[in-house]
Amino acid sequence: MADRIEGTGTRWAVLAVLTVAATLGFGALAVPSAALFAGLVVATVVALAGWGPRAVPRRASTAGQAVIGVVIGLLARPEMLGAVAAEWLPVLLISLGTLLASMAAGLVMGLQRGMSPLTGMLAQTAGGASGLVAMSHELGGDERIVSVVQYLRVGLVTVTMPVVAIAFYGAAHAGTAGPPTGGPSAPWWVGVLLLVACTAVGAPLARALHVPAGALLGPMVLAAALSMSGLGMSGLVVGASVPTLLVDVAYAVIGWQAGLKFTREALATVVRVLPLATALILAVIAVCAGLGLLLSWTTGMTPLEGYLATTPGGIYAVLATAISSGVDVTSVVAVQVLRVLLMLLVAPLLARIVGRRG
């Protein structure tokens, strides 16, 4: 079969068609970041079968990172500043506690044979799964393991969150994962202009400043700054979003980047680390639930709001559960988004430290 798929163009066409089909299937099942997961799964299968292209071109990978950076940056909203301003210290400290807990789990995971501490840390770090997968190669981690474990975490969080919210926090109804809806929206071309501007300015600036993973972090920081600035407060930026088609293409490219590098040996390594990875993810979820109680005691949030605010991932599932449960959605999402931004900004620094010691 591999001999019949000749030519780079044909291989890319096969990969693209299969990814579109898989994205539609995973989307119907409400899988978070369906295009990224579909790209990862399809690229892994075609790579192992010998049907796929060699690798994703560097320019495509850089463009995909920039899109994901802008998407994450635009999650920041002006009203989020007010939601956490009065209680910024406990929010910051507990967000750092979540970071330390997930980082510690990653270092434990990195003790396994065939796994570096850096890869373990990137795989287990809670928050911004798509961003961490996108930057893992540039930071020196094994993006294959990082991508599988990160989306295992998102899946476990998404599945367990409604059950925990109802069973332990008395939520009347818990929603399922899905993208945020409602609220003001801007024309599609505003999102495209923001994407172009943030990429054209943020990426070169980050490169000039020697920022690790600058293709993602530069546009992300610039998009967040614009969203939280006077432009955001005036309504020119709030409601803007990158068109879904561009986001899905970027997600698919990042998934391909990891999946096309799979070999049978790499697949065996991933399968071998999954039991410990799963146990560590569940342990981090439990620790974060404890930090959520601490957050509720120190800020006046309800225990359910504290739990949702500190859940390690699955922000769209958090949003759906918060809306359906009738809690303070703005405060919950504010803590989640600020934690994601903090995680992605701190991750490169921690990666350098762990990489040197490793």
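When I talk about a helix axis here, I mean a line fitted to C-alpha atoms, over the stretch in contact, and the angle between two axes runs from 0 to 180 degrees between N-to-C directions. Keep in mind, too, that what you're looking at is a predicted model.

Okay, let's use that straight away. Take helix 2, residues 34-49, and helix 12, residues 244-259: their axes come within 7 Å and cross at roughly 35 degrees. The crossing of this pair is right-handed. Who makes the contact? From helix 2 we have Ala35, Leu36, Gly39, Leu40, Ala43, Thr44 and Ala47. From helix 12 the partners are Asp248, Tyr251, Ala252, Ile254, Gly255, Trp256, Ala258 and Gly259. Sort the residues of that contact by type and you get 10 nonpolar, 4 polar and 1 charged.

Let's stay with one of those names, Thr44, which sits in helix 2. Is Thr44 buried or exposed? Its relative accessible area is 11%, and the cut-off for buried is under 20%, so Thr44 counts as buried. What does its side chain have for polar company? A polar atom of the Thr44 side chain lies 2.7 Å from the backbone oxygen of Leu40. Leaving out residues up to four places away in sequence, Thr44 touches Gly259 and Phe262.

Now jump over to helix 8, residues 143-169, where you'll find another threonine, Thr158. Thr158 has a relative accessible area of 15%, so with the limit at under 20% this residue is buried. For Thr158, a polar atom of the side chain is 2.7 Å from the backbone oxygen of Val154.

Next, a couple of helices as whole objects. Helix 5 runs over residues 88-109, which makes 22 residues. At 1.5 Å a residue it should span 32 Å, and its end C-alpha atoms are indeed 32 Å apart, so the two agree. A good number of its residues are buried, among them Pro90, Ile94, Thr98, Met103 and Met109.

Helix 3, residues 58-73, has 16 residues, and from first C-alpha to last it reaches 22 Å, close to the 22 Å expected. Its buried residues include Ser61, Gln65, Val67, Ile68 and Gly73.

Moving on to helix 4, residues 78-85, have a look at Met80. How accessible is Met80? The value is 6%, and since buried means under 20%, Met80 counts as buried. Which residues does it touch, once we skip those up to four places away in sequence? Met80 touches Leu75, Val333, Ala334 and Val337. There's also a long jump along the chain to point out: Met80 and Leu338 are 258 residues apart in sequence, yet their C-alpha atoms are 8.6 Å apart in space.

Here are a few more pairs in that spirit. Ile353, in helix 16, residues 329-357, is 235 residues from Leu118 in sequence, and the C-alpha atoms are 9.0 Å apart. Ile353 itself is partly exposed, at 38% relative accessible area.

Then there's Ser229, in the loop between helix 10 and helix 11. Along the chain, Ser229 and Arg77 are 152 residues apart, and their C-alpha atoms are separated by 9.0 Å. At 25% relative accessibility, Ser229 counts as partly exposed.

And now a pair with another outcome. Leu294, in helix 13, residues 264-299, is 254 residues from Leu40 in sequence, and here the C-alpha atoms are 37 Å apart. Leu294 counts as partly exposed, with 37% relative accessibility.

Last stop: His210, in the loop between helix 9, residues 188-208, and helix 10, residues 214-228. What's the phi of His210? It's positive, about 60 degrees, although this residue is not a glycine. As background, most residues other than glycine have a negative phi. How exposed is His210? Its relative accessible area is 64%, and the cut-off is over 50%, so His210 is exposed.

If you turn the model around later, begin with Thr44 in helix 2, then go to Met80 in helix 4, and finish at His210 in its loop between helix 9 and helix 10.

Terms used
Residues are numbered from 1 along each chain as its sequence is written. This is a predicted model: local features need pLDDT of at least 70, side-chain atom pairs count only at pLDDT 80 or more; totals for chains, interfaces and linings use all residues. Side-chain values use heavy atoms; hydrogens and water are left out. Helices (H or I, at least four residues) and strands (E, at least two) are DSSP runs, numbered from the N terminus. A crossing is left-handed if the near helix is turned anticlockwise from the far one by less than a right angle, and right-handed if clockwise. Contact means heavy atoms within 4.5 Å. Ala, Val, Leu, Ile, Met, Phe, Trp, Tyr, Cys and Pro count as nonpolar, Asp, Glu, Lys and Arg as charged, and the others, Gly among them, as polar. The expected span of a helix is 1.5 Å times one less than its number of residues. Buried means under 20% relative accessible area, exposed over 50%, partly exposed in between (1.4 Å probe, protein chains only). A polar contact is a pair of N or O atoms within 3.5 Å; within protein, one must be able to donate a hydrogen and the other to accept it, and residues adjacent in sequence count only if both atoms are side-chain atoms.
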